[in-house]
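Ready for some practice in reading a protein model? Take a look at the chain below, then work through the exercises one step at a time.

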Amino acid sequence: MTFSINRNIIRWIIIASSFIIISLILWNTYTFFQNFKIEERSKMKTWSVAQIDLNSMDNLNTDVNPVTSHVVTQTIISTPVIVLDENGDVNRYRNIDSLTLENPKELKALVDKFKNENQPIPVVMGKKVKQTIYYGNSPLLNKLKYYPLALLLIIFLFAAVVYFFYRSSKNAEQNKLWTGMAKETAHQIGTPLSSLVGWTEILKTEHVNPEYIVEIEKDIDRLQTITERFSKIGSAPTLDSMDIVEVTKSSYAYLKSRSSKLINFEIIIPDREILVSLNEQLYSWTIENLVKNAIDAMKGKGDLKLELKQVERQVFINISDTGKGIPKSSYTKIFEPGYTTKKRGWGLGLSLAKRIIEDYHNGKIKVLTSEIDKGSTIQIMLKQV
């Protein structure tokens with residue numbers, strides 16, 4: 001117990017530390033982005049001052065100051081810039097396609113975009129705005145802007161991997177627990193079962209009604225089958241080439257004889273042999289789970305039909321009932337461990353059926369059709385030998 005508590009504490013410390021580290025990375029990235037943006041604006045202001053100096057030299061017909069020339073040509077390397085005069089005409093531009101400037105609509109859209117990204121810088125000469133500088137974010141700044149999103153995506157994917165790893169590990173632990181419990185159950189049943197076999201032999205010598213003995217032996221055989229089922233959980237079952245028609249008929253008949261007389265049982269099967277690779281005990285367990293589930297859905301009263309048919313090299317077993325039906329949103333959920341709509345029960349029957357059919361027999365099991373308050377049909381598909 002103490003170990004479990006300590007493990008939970010360590011887990012939460014790791015989660016909290018990861019959250020703090022991520023927050024610091026995002027905050028530093030945001031701070032760096034803002035500082036870089038401020039630095040670019042500072043360069044643009046320097047460039048705007050150089051523009052004033054350059055315009056003054058043009059008016060005086062003097063040579064351009066080398067410092068001014070250097071600032072104008074070298075300060076802005078990759079930042080897109082448009083300089084508009086007081087009439088709204090393009091005076092200068094940098095890092096922009098000239099074709100865009102020739103189209104008035106594209107020019108206006110570009111100017112509006114730059115306005116949204118950065119506040120325009122006015123070029124004032126003699127207390128009058130002679131030019132306005134519009135500039136956008138440099139390619140480096142744009143890449144930096146999306147860096148936090150990329151980082152969050154990577155963190156999300158990493159968290160998803162950790163979650164699925166944790167979940168699969170937990171499921172593996174649960175499967176190990178269920179396997180151990182199943183094998184222990186089979187072991188515990190074995191002792192009283194052997195005793196029952198002995199008592200049956202004694203009853204035979206006491207001249208008890210033979211019909212009673214036959215029924216007791218049937219239930220003993222049933223208990224032995226259940227014991228074999230539980231003992232096989234967690235280990236690869238042996239598949240033998242068997243007549244699925246006979247195995248299905250036998251399993252269905254046993255359930256029919258021990259179910260409510262208010263259930264109208266119907267079975268439609270071919271009168272010929274169909275060989276399929278089967279583990280008889282596990283396959284019978286699947287039929288039992290599906291039939292019992294159908295009886296529960298009908299609350300012990302209704303029509304239950306099993307139909308077995310062969311299509312080319314595939315065998316289909318359809319089990320239909322007139323119960324409450326299954327919502328479409330639950331078609332896959334009903335096969336998940338622990339899912340149940342009953343007040344009692346662990347929700348393992350259909351999940352076991354899915355594992356037996358798909359994992360052990362390489363088949364398929366699904367909800368074929370279902371209507372609320374009208375009934376459902378569960379279909380098993382197996383390959384013929």
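## Exercise 1: Two loop residues

Glu312 has a relative accessible area of 72%, so it counts as exposed (buried means under 20% relative accessible area, exposed over 50%, partly exposed in between, with a 1.4 Å probe and protein chains only). Before you go on, note that this is a predicted model, where local features need pLDDT of at least 70 and side-chain atom pairs count only at pLDDT 80 or more, while totals for chains, interfaces and linings use all residues. Residues are numbered from 1 along each chain as its sequence is written, and side-chain values use heavy atoms, with hydrogens and water left out.

Task: find where Glu312 sits, and work out what its phi has in common with that of Asp373.

Solution:

1. Start with the place: Glu312 lies in the loop between strand 8 (302-311) and strand 9 (314-321). Helices (H or I, at least four residues) and strands (E, at least two) are DSSP runs, numbered from the N terminus.
2. Now the backbone: Glu312 isn't a glycine, yet its phi is positive, at about 55°.
3. Do the same for Asp373, found in the loop between strand 10 and strand 11. Asp373 also isn't a glycine, and its phi is positive, at about 65°.
4. Why look twice at these values? Most residues other than glycine have a negative phi.
5. Last, the surface: Asp373 counts as exposed because its relative accessibility is 63%.

## Exercise 2: Helix 7 meets helix 8

Task: describe how helix 7 and helix 8 pack, and say which residues make the contact.

Solution:

1. Find helix 7 at residues 244-257 and helix 8 at residues 280-297. Their axes are 10 Å apart and the angle is about 45°. Axes are lines fitted to C-alpha atoms, for helices over the stretch in contact, and angles run from 0 to 180 degrees between N-to-C directions.
2. Name the arrangement: helix 7 and helix 8 are therefore oblique to each other. (Angles under 35 degrees count as roughly parallel, over 145 as roughly antiparallel, 65 to 115 as roughly perpendicular and the rest as oblique.)
3. Get the hand: helix 7 and helix 8 cross in a right-handed way. A crossing is left-handed if the near helix is turned anticlockwise from the far one by less than a right angle, and right-handed if clockwise.
4. List the partners. Helix 7 brings Ile244, Val247, Thr248, Ser251, Tyr252 and Leu255, and helix 8 brings Glu280, Tyr283, Ser284, Ile287, Glu288, Val291 and Lys292. Contact means heavy atoms within 4.5 Å.
5. Sort them by class: the contact of helix 7 with helix 8 has 7 nonpolar, 3 polar and 3 charged residues. (Ala, Val, Leu, Ile, Met, Phe, Trp, Tyr, Cys and Pro count as nonpolar, Asp, Glu, Lys and Arg as charged, and the others, Gly among them, as polar.)

## Exercise 3: Helix 9 and its neighbours

Task: check the span of helix 9, then find what its buried residues pack against.

Solution:

1. Helix 9 covers residues 349-360, and at 1.5 Å a residue its 12 residues should span 16 Å. The expected span is 1.5 Å times one less than the number of residues. The end C-alpha atoms of helix 9 are 16 Å apart, which agrees.
2. The buried residues of helix 9 are Leu350, Ser351, Ala353, Ile356, Ile357 and Tyr360.
3. Those buried residues pack against helix 8, strand 10 (364-371) and strand 11 (375-383).
4. Zoom in on helix 8: its axis comes within 9 Å of that of helix 9, and the two cross at roughly 145°. This crossing is left-handed.
5. Among the residues making this contact are Trp285 and Leu290 of helix 8 and Leu352 and Ile356 of helix 9. By class, the contact of helix 8 with helix 9 has 10 nonpolar, 4 polar and no charged residues.

## Exercise 4: Far in sequence

Task: say how many residues separate Ile133 and Val83 in sequence, and how far apart they are in space.

Solution:

1. Ile133 belongs to strand 4 (residues 128-135), and it counts as buried because its relative accessibility is 0%.
2. Ile133 and Val83 are 50 residues apart in sequence, but their C-alpha atoms are 4.6 Å apart.
3. For the chain as a whole, 67% of contacts between residues at least 6 apart in sequence join residues at least 24 apart.
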